[in-house]
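Consider how charged side chains pair in this structure, and how one of its helices is placed against the rest. The model is a predicted one.

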Amino acid sequence: MKENNKRGFVGEYGVPDTDGRWLDILDSALKYLQENGVNGTYWSAGPRWGDYPLSVQPTNNYTKDRPQLNTLLKYKSTQQ
């Protein structure tokens, strides 16, 4: 992208909440994307996903965040 003066976007990405090692991978990937000016969209949120392991929908009647959320918030875009 840099070589060709193009912008990138990762359409969907996600990691399961069943193994904390995935959070390290998510953190590394988001850091790389941020350092290179690439935005993206996390895959799967909303109540229809239930216990789907990639979902970031809060559990326990919206009182408990999924483990992925803390990592995602570190890289929250401030662009509108």
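Arg-21 and Asp-19 are joined by a salt bridge, with 2.6 Å from N to O. Arg-21 is exposed, at 61% relative accessibility, while Asp-19 is partly exposed at 23%.

The search of the whole structure gives 3 salt bridges. Another of them pairs Asp-17 with Arg-66, and here the closest N and O atoms are 3.6 Å apart. Asp-17 belongs to the loop between strand S1 (9-13) and helix H1 (21-35), and Arg-66 to the loop between strand S2 (39-42) and helix H2 (68-74), so this salt bridge ties together parts that lie 49 residues apart in sequence. Arg-66 has 7% relative accessibility; because buried means under 20%, Arg-66 counts as buried. Asp-17, at 27%, is partly exposed.

A salt bridge also links Lys-74 to Asp-27, at 2.9 Å from N to O. Lys-74 is in helix H2 and Asp-27 in helix H1, so the pair connects parts 47 residues apart in sequence. The relative accessibility of Lys-74 is 55%, which makes this residue exposed. Asp-27 is partly exposed, with a value of 22%. As for the chemistry of such pairs, side chains of opposite charge can pair when their charged atoms come close.

Helix H1 can now be taken by itself. This helix has 15 residues, and at 1.5 Å a residue they should span 21 Å; the C-alpha atoms at the ends of H1 are 21 Å apart, in agreement with that expectation.

Which residues of H1 are buried? They are Leu-23, Leu-26, Leu-30 and Leu-33. Viewed down the axis of H1, these buried residues fall within an arc of 90 degrees, and therefore they line one face of the helix. The cover over the buried residues of H1 includes strand S1 and helix H2. Helix H2 thus appears in two roles: it holds Lys-74, the partner of Asp-27 in H1, and it is among the elements that cover the buried residues of H1.

The other side of H1 carries the exposed residues Arg-21, Asp-24, Tyr-32 and Glu-35. Arg-21 is the residue whose side chain meets that of Asp-19 in a salt bridge. After H1 comes Gly-37, which has a positive phi, near 65 degrees.

Methods
Residues are numbered from 1 along each chain as its sequence is written. This is a predicted model: local features need pLDDT of at least 70, side-chain atom pairs count only at pLDDT 80 or more; totals for chains, interfaces and linings use all residues. Side-chain values use heavy atoms; hydrogens and water are left out. A salt bridge is a side-chain nitrogen of Lys or Arg within 4 Å of a carboxyl oxygen of Asp or Glu. Helices (H or I, at least four residues) and strands (E, at least two) are DSSP runs, numbered from the N terminus. Buried means under 20% relative accessible area, exposed over 50%, partly exposed in between (1.4 Å probe, protein chains only). The expected span of a helix is 1.5 Å times one less than its number of residues. The arc is that of the directions from the helix axis to the C-beta atoms. Contact means heavy atoms within 4.5 Å.
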